[in-house]
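Subject: Structure handover

Hello,

Here is the structure I promised you. Please open it next to this email and follow along.

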Amino acid sequence: MLNQIDPQLTIELERFEKKAYSRGWKLITPSKEEIKLNFVNHGYVSARIDFDNFLFQLAKKKSDISFFEDHYIKSVERKDDLVLCTTQSGELFQTKLIIGCDGAHSVVKKLSSDHFVDHMHYSGAVRAYYKNVSSIEKDIIEIHLSKNFLPGYFWIFPVSDTISNVGFGMLSSDIIKRKIDLKKAIKEIIEEDETLSKRFLGAELLGEIKGFGLPLGGKKRKLSGDNFMLCGDAASLIDPLNGEGIGNAMLSGLKAGEIAIKAVKTSNFSSNFLSAYDNDINAKLLPELKQKLFFQKLFNRPWLINSLVYIGNRNKFLREWLGKKL
Ligand SMILES: Cc1cc2nc3c(=O)[nH]c(=O)nc-3n(C[C@H](O)[C@H](O)[C@H](O)COP(=O)(O)OP(=O)(O)OC[C@H]3O[C@@H](n4cnc5c(N)ncnc54)[C@H](O)[C@@H]3O)c2cc1C
């Protein structure tokens, strides 16, 4: 995505130091069958605080952007073809077009009639940083499926030689139905698994375990309206199978930017005009997100995952297919 936005960003990313090289991933099934799959291209793991700051500092070099840091938008309302934003400290901003890139708990999203959480299309996740988890392959990310916690997965992503991002995410409807406490679940998964418990024996938890919401894609939603467009998590564009949303957030930002230029040129900020953004995003992302949603429901069956991985380990074509589809 960085390359699509501006090839220079890829060069900058290579220079950026706070990242760990990743060549592929390992899936460990409920029956402890393992499969290792290479990424089509290599990847990087980086703590979001570092990666987001890397992007933010690059954006700050653009002379035609004004930044207002530490301005928390408390409310957003539409009045006479304008959007009025009030900050926590009481300042007022007004605009003809607002692009909501304000994440899972978006304030801008409230301009849309489609802003309610649908727990069938929403996940909860917790993440922690651990030091000295043993038997780490530092260029491989790990996904563990535990039969007691499906549909969901536990991950270990090495971010440096000694530190790993460890987390667990699950579909919200199941969290609610089964009254799961994610912070307890992450510890239970480690303690109840013979291999994981040994690997975490000498590991140290750094800081707190933190929880977040993930608005999942795969369902057609309204992404724009009079005077506004929504991007990334505010538009619920997270991959419902693997929980990845950074790429889609960037793609939607790029597309919203392109439509915004046209809207400014024609001075047209109507819902009708901005629906070109919905059409663009739905054409680019919805088929894949729907396919991932189908897989999410399918992989709720431990026997199926166990069998697929068992056969995949013995069949090159299935292995390659899994590598591409997951
Ligand atoms: C535990 C966890 C692990 C994940 N792991 C991955 C992964 O490995 N790979 C991947 O691709 N995706 C991952 N995701 C998903 C990914 O984090 C999101 O899809 C992505 O961050 C969406 O980007 P965004 O810009 O839409 O929202 P965000 O990254 O949430 O950014 C929103 C921004 O808006 C600001 N903001 C919010 N409200 C206001 C307000 N009222 N006023 C002013 N500013 C505001 C926030 O401070 C923030 O800077 C993970 C999510 C979770 C919860």
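Which backbone has a polar atom 2.9 Å from a nitrogen atom of the ligand? That of Ile73. Keep in mind throughout that this is a predicted model.

**The ligand site**

Start with the ligand. There are 21 residues around it. Those that come nearest are Arg48, Ile73, Asp233, Gly245 and Ile246. Asp233 uses its side chain: a polar atom there lies 2.7 Å from an oxygen atom of the ligand. Ile246 uses its backbone instead, with a polar atom 3.0 Å from a ligand oxygen.

**The three-stranded sheet**

Ile73 also takes you to a sheet, as strand 3 covers 73–79. This sheet is open, has three strands in the order 3-4-5, and pairs them antiparallel. Strand 3 and strand 5 (92–95) are at the edges. Each has a single partner strand, so one side of each lacks a neighbour in the sheet. From one strand to the next, the twist averages 20 degrees. Strand 4 and strand 5 are joined by four bridges. Look for Cys85, which stands opposite Phe93 in strand 5.

**The seven-stranded sheet**

Now find the other sheet. It is open too, with seven strands in the order 2-1-8-9-10-7-11 and mixed pairing. Its edges are strand 2 (34–45) and strand 11 (204–215). Each of these has a single partner strand, so one of its sides is left without a neighbour in the sheet. Neighbouring strands are turned against each other by 20 degrees on average, direction ignored.

Strand 1 (residues 20–28) and strand 2 run antiparallel, joined by eight bridges. One pair to check is Ile28 and its bridge partner in strand 2, Glu34.

Helix 5 (residues 182–192) packs on this sheet. The helix touches strand 7 (122–131), strand 9 (152–158), strand 10 (163–171) and strand 11. Its direction makes about 115 degrees with that of strand 10.

**The core**

Last stop: the largest nonpolar core, which has 26 residues. Met229 and Tyr277 have the most contacts inside it. At least two core residues come from each of strand 4 (82–87), strand 13 (228–230), helix 7 (246–266) and helix 8 (271–298).

Which residues does Met229 touch, leaving aside its neighbours within four places in sequence? Among them are Leu97, Ile98, Ile99, Leu223, Ala256, Ile259, Leu274 and Tyr277.

Over to you.

Best wishes

Note on methods. Residues are numbered from 1 along each chain as its sequence is written. This is a predicted model: local features need pLDDT of at least 70, side-chain atom pairs count only at pLDDT 80 or more; totals for chains, interfaces and linings use all residues. Side-chain values use heavy atoms; hydrogens and water are left out. A nonpolar core is a set of buried Ala, Val, Leu, Ile, Met, Phe, Trp, Tyr and Cys residues joined through side-chain atoms within 4.5 Å. Buried means under 20% relative accessible area, exposed over 50%, partly exposed in between (1.4 Å probe, protein chains only). Contact means heavy atoms within 4.5 Å. Two strands pair if DSSP finds at least two bridges between them. Axes are lines fitted to C-alpha atoms, for helices over the stretch in contact, and angles run from 0 to 180 degrees between N-to-C directions. A residue is near a molecule or strand if one of its heavy atoms lies within 4 Å of it. A polar contact is a pair of N or O atoms within 3.5 Å; within protein, one must be able to donate a hydrogen and the other to accept it, and residues adjacent in sequence count only if both atoms are side-chain atoms.
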